[in-house]
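Hi everyone, thanks for making time. I'd like to walk you through a few spots in a structure that's new to most of us, so let's get it up on the screen.

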Amino acid sequence: MTVHDLPTASLSNGDVVPLTPNIGAEIRNVLLSVDLPAALIDEIKSRIARYKVVFFRGQDHLDDAAQEGFAKRLGTLVPHPTQHIREGSAAILELDSGHGGRADQWHTDVTFVPAYPKYSVLRGITIPDNGGDTIWANTAAAYEALPDSLKRFADSLRAIHSNAYDYASHRPKATAAERKHYEEVFRSKTFQTEHPVVRVHPETGERTLILGSFVQRFVGFDRFASAKLYELFQAYVTAPENTVRWRWKTGDVAIWDNRATQHVAVNDYGNAHRVVRRVTIDGDVPVGTDGRASIALQ
């Protein structure tokens, strides 16, 4: 099935406002809840598949339980494998800038496990007056932009992803509290997974790049060569024409296809307070263009 074959249902064209030609749309006139009709849930899923990330303003009625209730309509909730979930919730991860919650490296959520999340549902709780935007990139568009020779090369590559990465080089300006959070919480259990660099999307049939900051190295290449290869492919992912930037307001909700995107939280708000809460939906094990699946190494 291609993205153009995906079904439409109850949203009118006026309810869906594309934000860029390649990625992102705002969906209007919808209040998210566990009680949405099945047809509307299917339509939201189809718009996620098409636009990779969709946004809903004015969802101030949601609390943690309602966010989880709605997210369950998209699939099975899965908690973060190492970080603590919010007390009283099933799977909500709070990202609080005051406690190390600044996801300011390009990444796809939790790619250090084989079946990393299918969707992420993020709700804005406390938003700075200025700054704190999030940028998403379309990794299917990035793959399509590769020259044919690079596509063939990427199709043949596999990469090792892990949550035990060089935090100091990734975040040289991190505070002592942020470094402590990384060592004691994020790395409390080490995971390592080998993924194909190119996966075949199970719903759209598109080829998407699996990269991001959890990549340690490419199989068959040392760390120096891997760093150069990573820069080469990542430049296509983060090319401006493949991205969309969202200016958060309190109560906003973003939902993205974690199998076809990367994202980064822009760390430009200094000491202002930023809190967002995320729920992830259980995913499937990626399969490369050669039919080989991802494998857990540790």
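I'll go through one sheet and three residues. Before we start, keep in mind that this is a predicted model.

Okay, the sheet. It's an open one made of four strands, in the order β12-β8-β9-β17, and the pairing is antiparallel. So which strands stand at the edges? Those are β12, residues 215-218, and β17, residues 295-296. Each has a single partner strand, so one side of each is left without a neighbour in the sheet.

Now look at β8 and β9. How many bridges join them? There are five, between residues 158-162 on the β8 strand and residues 192-196 on the β9 strand, and the two run antiparallel. If you want one pair to find on screen, take I160, whose bridge partner in β9 is E194.

Let's step off the end of that strand. N163 sits in the loop between β8 and α5, the helix at 167-170. Is N163 buried or exposed? Its relative accessibility is 0%, so it counts as buried. And what does its side chain reach? A polar atom there lies 2.8 Å from the backbone oxygen of K189. The side chain of N163 also has a polar atom 2.8 Å from the backbone nitrogen of F191.

On to another asparagine in a loop. N242 is found between α7 (223-237) and β13 (243-246). With a relative accessibility of 3%, which is under the 20% cut-off, N242 counts as buried. Its side chain makes a polar contact of 3.4 Å with the side chain of N22, and it reaches the backbone oxygen of Y236 at 2.9 Å. Setting aside neighbours within four places in sequence, the residues in contact with N242 include I23, W136, A137 and V237.

Last stop, and here we head outside. T76 is in a loop as well, the one between α2 (64-72) and β4 (77-78). Why do we call T76 exposed? Because its relative accessible area is 54%, and the cut-off for exposed is over 50%. T76 still has company, though: leaving out neighbours within four places in sequence, it's in contact with T280, I281 and D282. Also, P117 is 41 residues away from T76 along the chain, yet their C-alpha atoms are separated by 9.8 Å.

So, to recap: N163 and N242 count as buried, while T76 is exposed. That's my tour, thanks for listening.

Notes. Residues are numbered from 1 along each chain as its sequence is written. This is a predicted model: local features need pLDDT of at least 70, side-chain atom pairs count only at pLDDT 80 or more; totals for chains, interfaces and linings use all residues. Side-chain values use heavy atoms; hydrogens and water are left out. Buried means under 20% relative accessible area, exposed over 50%, partly exposed in between (1.4 Å probe, protein chains only). Contact means heavy atoms within 4.5 Å. A polar contact is a pair of N or O atoms within 3.5 Å; within protein, one must be able to donate a hydrogen and the other to accept it, and residues adjacent in sequence count only if both atoms are side-chain atoms. Two strands pair if DSSP finds at least two bridges between them.
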